[in-house]
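Me: I'd like to go through this one with you, starting with any enclosed space. Here it is.

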Amino acid sequence: MLDLLLWIALFLVGLGGMEVVAWLTHRYVMHGFLWCWHKSHHSERHGAFELNDLFAVVFALPSVVLIYFGLNGYPLLLALGLGIAAYGLVYFMFHDGLVHRRFPVPFDRQRAFWKKRIQAHRLHHAVETREGAVSFGFLLVRPVSKLKQELASRRRR
Ligand SMILES: [Zn+2]
Ligand SMILES: [Zn+2]
């Protein structure tokens, strides 16, 4: 029973922790030294893929490694690996499906929960440069009114 609880807790750590990792990576790596990859996502896409998609591959790697060791003797690593993979799936469906409409997803974009997150990410895309963007999170976002204020005050500066 305790093992099961620990397993579930680690799964949730993987799932929730990835939003923090995603925020930090987006803020300091994508809008930092790997802007050369991420830039493609802040400009118009030509074709089915963009250089920014490489981040999905990079993020999938730790999950694949953890799942591998999880299936080969370390079951708790499986929980962590599956938690990370679950975040990846939700992120992909939300960010690429719901917001950027690259493929259809079974979510209702009019629902307040998703609407708020879609608006927040659109505000992130209001800036096409490395500096000056707001809202680096995906599932945990600040109120849209606050983001708009921040964006406006950055533009004045
Ligand atoms: Zn960005
Ligand atoms: Zn985006």
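Reply: Helix 1 and helix 4 each supply at least two residues of the lining of the largest cavity. Keep in mind that this is a predicted model.

Me: Which residues line the largest cavity?

Reply: The lining consists of His26, Met30, His38, His41, Asn52, Tyr91, His95, His121 and Phe138.

Me: And how do those lining residues divide into nonpolar, polar and charged?

Reply: Six are polar and three are nonpolar, while none is charged.

Me: How much space lies in the largest cavity?

Reply: About 40 Å³. The structure holds one cavity of 30 Å³ or more.

Me: OK, switching to packing. Which residues make up the largest nonpolar core?

Reply: Twelve residues: Met18, Ala22, Leu66, Ile84, Tyr87, Phe94, Leu98, Val99, Val105, Trp114, Ile118 and Phe138. Two or more of them come from each of helix 1 (2-33), helix 4 (75-99) and helix 5 (112-124).

Me: Which element gives the largest share?

Reply: Helix 4, with five residues of this core.

Me: Is there anything apart from that core?

Reply: Another core lies apart from it and has ten residues, including Ala120, Phe136, Val141 and Leu147.

Me: Back to Val105 for a moment. What does Val105 touch, leaving out residues up to four places away in sequence?

Reply: Val105 touches Met93, Gly97 and Leu98 on that count. Leu98 belongs to the largest nonpolar core along with Val105.

Me: And Phe138, where does that one turn up?

Reply: Phe138 is part of the largest nonpolar core, and Phe138 also lines the largest cavity.

Terms used:
Residues are numbered from 1 along each chain as its sequence is written. Chains are lettered from A and ligands numbered from 1 in the order in which they are written. This is a predicted model: local features need pLDDT of at least 70, side-chain atom pairs count only at pLDDT 80 or more; totals for chains, interfaces and linings use all residues. Side-chain values use heavy atoms; hydrogens and water are left out. A nonpolar core is a set of buried Ala, Val, Leu, Ile, Met, Phe, Trp, Tyr and Cys residues joined through side-chain atoms within 4.5 Å. Buried means under 20% relative accessible area, exposed over 50%, partly exposed in between (1.4 Å probe, protein chains only). Helices (H or I, at least four residues) and strands (E, at least two) are DSSP runs, numbered from the N terminus. Contact means heavy atoms within 4.5 Å. On a 1 Å grid over the protein atoms alone, a cavity is a set of points where a 1.4 Å probe fits but cannot get out, and a pocket is an open set with protein on both sides within 12 Å along at least five of seven lines; lining residues have an atom within 4 Å of a point. Grid points are joined across faces, edges and corners, and a volume is the space filled by probe spheres set on the points. Ala, Val, Leu, Ile, Met, Phe, Trp, Tyr, Cys and Pro count as nonpolar, Asp, Glu, Lys and Arg as charged, and the others, Gly among them, as polar.
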